[in-house]
Amino acid sequence: MRRILIAEDDPHITSFVRRGLRAAGYDTADATDGHTALLMARSGLFDLVVLDIGLGGMDGFDVLAQLRGEGVTTPVVILTARDSVIDTVRGLEGGANDYMTKPFQFAELLARVRLRIGDGEGRSGGATLTHGDVSVDVRSRTVTVAGEVRELTSREFALLEVFLQNAGQVLSRDQLIGHVWGMDFDPASNVVDVYVRALRGKIGSDRIETVRGAGYRFR
């Protein structure tokens with residue numbers, strides 16, 4: 001199992017990213033300050049680092065510079081609230097493999113992690129997710145049901161991808177919102193119910209079960 005280091009000083013974000021990555025099949029460890037992040041990242045035990053810039057003790061730019069200066073080539077995805085062009089350029093020119101700003105949608109972070117860590121990792125069948133007669137090709141963004149292509153919006157596609165990654169498991173509305181809409185989205189919104197209804201209309205109403213008081217389950 002691939003291991004990902006989450007270097008982040010906000011426990012809420014760390015918990016959110018950890019839950020999502022583990023649900024996607026990755027093992028994770030946390031570092032809450034720059035010195036610890038550097039120590040852990042240079043250990044060679046991780047396949048990728050999700051790196052915040054605003055770490056205490058040593059900021060993410062310095063952590064990255066130290067790693068690259070020591071010849072550590074572990075992929076680094078910067079995840080930060082610093083969204084200026086100057087910071088983005090500094091991060092990428094400093095050796096980051098990707099740069100993503102907060103607030104963010106977990107589905108996008110996961111896609112970037114997968115891209116940097118290697119296509120197909122954590123998925124069955126490489127870039128294709130399949131359950132029963134429902135199949136999603138993540139690369140071509142094609143969905144087929146019983147061999148017939150179905151047209152989905154980007155949100156519907158992201159929602160279906162999460163369901164297939166967790167087929168058979170009950171996913172709460174909060175979990176689905178976090179994966180598809182981002183952690184800052186209003187949890188009181190009925191957006192999940194609206195999109196599940198739309199998805200059922202396109203792939204078949206019997207494939208997504210409502211689990212009363214808990215959420216939804218793809219079956």
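Which hand does the crossing of α6 and α7 have, right or left? I would like to start there, and I should say at once that what you see above is a predicted model. The crossing of these two helices is right-handed.

Let me describe the pair with some care. Two packed helices are described by the angle between their axes and the distance between the axes. Here helix α6, which covers residues 154–165, packs against helix α7, residues 173–180, at an angle of about 120 degrees, and their axes are 10 Å apart. That angle makes α6 oblique to α7, because angles of 65 to 115 degrees would count as roughly perpendicular and those over 145 as roughly antiparallel.

If you look at where the two helices touch, α6 brings Arg155, Ala158, Leu159, Val162 and Phe163, while α7 brings Leu176, His179 and Val180. Sorted by character, the residues of this contact are 6 nonpolar, 1 polar and 1 charged.

From this contact we can move on to the nonpolar core. In soluble globular proteins, nonpolar side chains tend to be buried together. The largest nonpolar core in this model has 27 residues, and among them Leu160 and Phe163 touch the most other members. At least two residues of this core come from each of β7 (134–137), β8 (142–145), α6, α7, α8 (191–203) and β12 (215–218). Helix α6 gives the largest share, which is 7 residues. As for Leu160, if we leave out residues up to four places away in sequence, the residues it touches are Val134, Val136, Val143, Leu152, Leu199, Ile203 and Phe218. Apart from this core there lies another one, of 22 residues, including Ala31, Ala41, Leu64 and Val72.

Now to some single residues, beginning with a question for you: is Asp87 buried or exposed? Asp87 sits in helix α4, residues 85–93, and, with a relative accessible area of 12%, Asp87 is buried, because the cut-off for buried is under 20%. When neighbours within four places in sequence are set aside, Asp87 is in contact with Phe61, Arg82 and Tyr99.

Gly44, by contrast, is exposed, with a relative accessible area of 59%, and it is found in the loop between α2 (34–41) and β3 (48–51). Gly44 and Thr73 are separated by 29 residues in sequence, and their C-alpha atoms are 9.5 Å apart in space.

Finally, a few words about the backbone. Most residues other than glycine have a negative phi, and most peptide bonds are trans. Where, then, does this model have a cis peptide bond? The bond from Lys102 to Pro103 is cis, with omega near -5 degrees, and Pro103 lies in the loop between β5 (98–101) and α5 (106–117).

There are also residues with a positive phi to point out. Arg141 is not a glycine, and yet it has a positive phi of about 55 degrees; its place is in the loop between β7 and β8, where Arg141 counts as partly exposed, at 47% relative accessibility. Ala146, also a residue other than glycine, has a positive phi near 50 degrees. Ala146 lies in the loop between β8 and β9 (148–150), and with a relative accessible area of 56% it is exposed.

To return to where I began, the crossing of α6 and α7 is right-handed, and α6 is also the helix that supplies the largest share of the core of 27 residues.

Methods. Residues are numbered from 1 along each chain as its sequence is written. This is a predicted model: local features need pLDDT of at least 70, side-chain atom pairs count only at pLDDT 80 or more; totals for chains, interfaces and linings use all residues. Side-chain values use heavy atoms; hydrogens and water are left out. Axes are lines fitted to C-alpha atoms, for helices over the stretch in contact, and angles run from 0 to 180 degrees between N-to-C directions. Helices (H or I, at least four residues) and strands (E, at least two) are DSSP runs, numbered from the N terminus. Angles under 35 degrees count as roughly parallel, over 145 as roughly antiparallel, 65 to 115 as roughly perpendicular and the rest as oblique. A crossing is left-handed if the near helix is turned anticlockwise from the far one by less than a right angle, and right-handed if clockwise. Contact means heavy atoms within 4.5 Å. Ala, Val, Leu, Ile, Met, Phe, Trp, Tyr, Cys and Pro count as nonpolar, Asp, Glu, Lys and Arg as charged, and the others, Gly among them, as polar. A nonpolar core is a set of buried Ala, Val, Leu, Ile, Met, Phe, Trp, Tyr and Cys residues joined through side-chain atoms within 4.5 Å. Buried means under 20% relative accessible area, exposed over 50%, partly exposed in between (1.4 Å probe, protein chains only).
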